[in-house]
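Morning, everyone. Please have the sequence and the model open while I talk.

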Amino acid sequence: MANVLVSGLVKHFGSVVALNQINLDIEDGEFIVFVGPSGSGKSTLLRCIAGLESISEGTVKIAHVDVTGLDPADRDLSMVFQNYALFPHLSCRANLEFPLKTEGVGKSDIDKRVDQAARLLHVLDLLDRKPSSLSGGQRQRVAIGRAIVKEPKVFLFDEPLSNLDAELRIRMRVEIVKLHRQLQNTIIYVTHDQVEAMTMADRIVVLRAGAIEQVGRPHDLYHRPVNRFVASFIGAPQMNMLPCTHLAGDASSTTIRVGSHAESRLPVGPVRDDEKEGLVVGFRPEHISLARPDAETTETIELEMSVEVIEHLGAATNMYGTVETTSGKSEITVSQSGPVTLLEGHSSRIWIPVADCHLFNSNDNAIKRHGDPPTWK
């Protein structure tokens, strides 16, 4: 096992800056996930750590050793790719043995490591078959096994589940988490799927346009996003964003008006004078209530929603529609557990607890909420 330290990393592709001043400290034994939209730089960052891409500036250290100038084979890493990368003409056993044979490992040690990895991944009965006779999930297990037998300091996963169907992806991500708990190696995992990131990671690194937007535990990114991008990217359905008007405020609270109804006081502040124009209030679809909460215990924002589309998902129901705000009509999504009695084309009152609201300034940065830690931003 080993920690990974990335300092001042910059990567250019010609005149294009793919990564810009990346600083990241990955702890020994941590499961960390890089997530972001296409083109955000997550796979490029992984490949720079692996040594598959040269870096323009900065350093990469693994287990406190500077590996910036080392070849990939000398960094003591194992990588699992999206397309499995198995040798089609070799049996699964031969695929698992291959990296050990190239390193000159003795036969008895090879047999021991291959059997241990196959047993751990439940592919012992598949070792004599070739990859073409396996399902996608079985091939990915073998590919992971090939990484395990090398007993590396760090595992790198580059979107390993993207080629699998939805049900198999869920099963495989559970298996990878179990595997991490058994091996306790450092894992760096790349995905574009924020649900995958939320369910697997100890910490998540959110990237956009070659820069890190926020690093934190899944719970922190969900409840304390530092800007509108993170707030919208983490969580499904996306966080609602509505324009609002600043009315008053102090160090610990801010009074706003969203629609034509009564003003609402958020536990957010202080709001600087240069931030009072262009404010946006954000709240998650699952935090909206269709029933009026107790006014004495729960302060809320009250709005009238015109329901346009209803999605019945069994365990949950999503409703899409519009509300009147200070800037006109805005789209909104409501998510409720179980079925609802609302109908498309009708209107309904909705209530949003102010404790679940976020306030963003015109630069899209979140304004500190009361109770957030001092190091939050």
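I'll start with the whole chain, then take the sheets and the helices in turn.

A word of caution before the details: this is a predicted model. The protein chain has eight helices and 20 strands. Its C-alpha atoms fill a box of roughly 75 × 45 × 40 Å along the principal axes. Of the 377 residues, 50% are buried. Now contacts. Take those in the chain with a separation of 6 or more: 65% of them come from residues 24 or more positions apart.

Now the six-stranded sheet. In what order do its strands run? The order is S6-S7-S8-S3-S9-S10. The sheet is open, and the pairing is mixed. At the edges stand S6, residues 77-80, and S10, residues 211-216. Each has a single partner strand, so one side of each has no neighbour in the sheet. On average, neighbouring strands here are turned by 20° against each other, direction ignored.

Look at S8 next, residues 186-191. S8 pairs in the parallel sense with S3, residues 31-35, over five bridges. Two places to find on screen. Phe 31 stands opposite Ile 187 in S8. Further along, Val 35 has Thr 191 in S8 as its bridge partner. S7 also runs parallel to S8, again joined by five bridges. There, Asp 158 stands opposite Val 190 of S8.

Is S8 buried or exposed? Mostly covered: six of its six residues are buried. In a regular strand, side chains alternate between the two faces of the sheet. So how do the two faces of S8 compare with that? Both are covered. Thr 186, Ile 188 and Val 190 are buried on one side. Ile 187, Tyr 189 and Thr 191 are buried on the other.

What packs on this sheet? Helix H1 does, residues 42-50. H1 touches S3, S6, S7, S8 and S9. In numbers, S7 is 154-158 and S9 is 203-208. The direction of H1 makes about 150° with that of S8. Helix H4, residues 136-149, packs on the sheet too, touching S6 and S7. The direction of H4 makes about 175° with that of S6.

Stay with H1 for a moment. H1 is mostly covered, with seven of its nine residues buried. The buried ones are Lys 42, Thr 44, Leu 45, Leu 46, Cys 48, Ile 49 and Ala 50. Note that Lys 42 is on that list. Just after H1, Gly 51 takes a positive phi of about 90°.

On to the helix pair, H3 and H4. Two packed helices are described by the angle between their axes and the distance between the axes. The axes of H3, residues 107-120, and H4 come within 9 Å and cross at roughly 140°. That angle makes H3 oblique to H4. An angle has to be over 145 degrees to count as roughly antiparallel. The crossing of H3 and H4 is right-handed.

Which residues meet there? From H3, they are Arg 113, Val 114, Ala 117 and Leu 120. From H4, they are Gly 145, Ile 148 and Val 149. By class, the contact has five nonpolar residues, one polar and one charged.

One residue in H4 deserves a stop: Val 142. How much of Val 142 is accessible? Its relative accessible area is 1%. The cut-off for buried is under 20%, so Val 142 counts as buried. What does Val 142 touch, beyond residues up to four places away in sequence? The answer is Leu 86, Cys 92, Leu 96 and Leu 134. Leu 121 is 21 residues from Val 142 along the chain, and their C-alpha atoms are separated by 7.9 Å.

Last, the three-stranded sheet. This sheet is open as well, in the order S12-S13-S14, and the pairing is antiparallel. S12, residues 245-249, and S14, residues 264-266, stand at the edges. Each has a single partner strand, so one side of each is left without a neighbour in the sheet. Neighbouring strands here are turned by 35° on average, direction ignored. S12 and S13, residues 254-257, run antiparallel and are joined by four bridges. One pair to look up: Gly 249 has Thr 254 in S13 as its bridge partner.

That's my tour. Questions, please.

Conventions
Residues are numbered from 1 along each chain as its sequence is written. This is a predicted model: local features need pLDDT of at least 70, side-chain atom pairs count only at pLDDT 80 or more; totals for chains, interfaces and linings use all residues. Side-chain values use heavy atoms; hydrogens and water are left out. Two strands pair if DSSP finds at least two bridges between them. Axes are lines fitted to C-alpha atoms, for helices over the stretch in contact, and angles run from 0 to 180 degrees between N-to-C directions. Contact means heavy atoms within 4.5 Å. Angles under 35 degrees count as roughly parallel, over 145 as roughly antiparallel, 65 to 115 as roughly perpendicular and the rest as oblique. A crossing is left-handed if the near helix is turned anticlockwise from the far one by less than a right angle, and right-handed if clockwise. Ala, Val, Leu, Ile, Met, Phe, Trp, Tyr, Cys and Pro count as nonpolar, Asp, Glu, Lys and Arg as charged, and the others, Gly among them, as polar. Buried means under 20% relative accessible area, exposed over 50%, partly exposed in between (1.4 Å probe, protein chains only).
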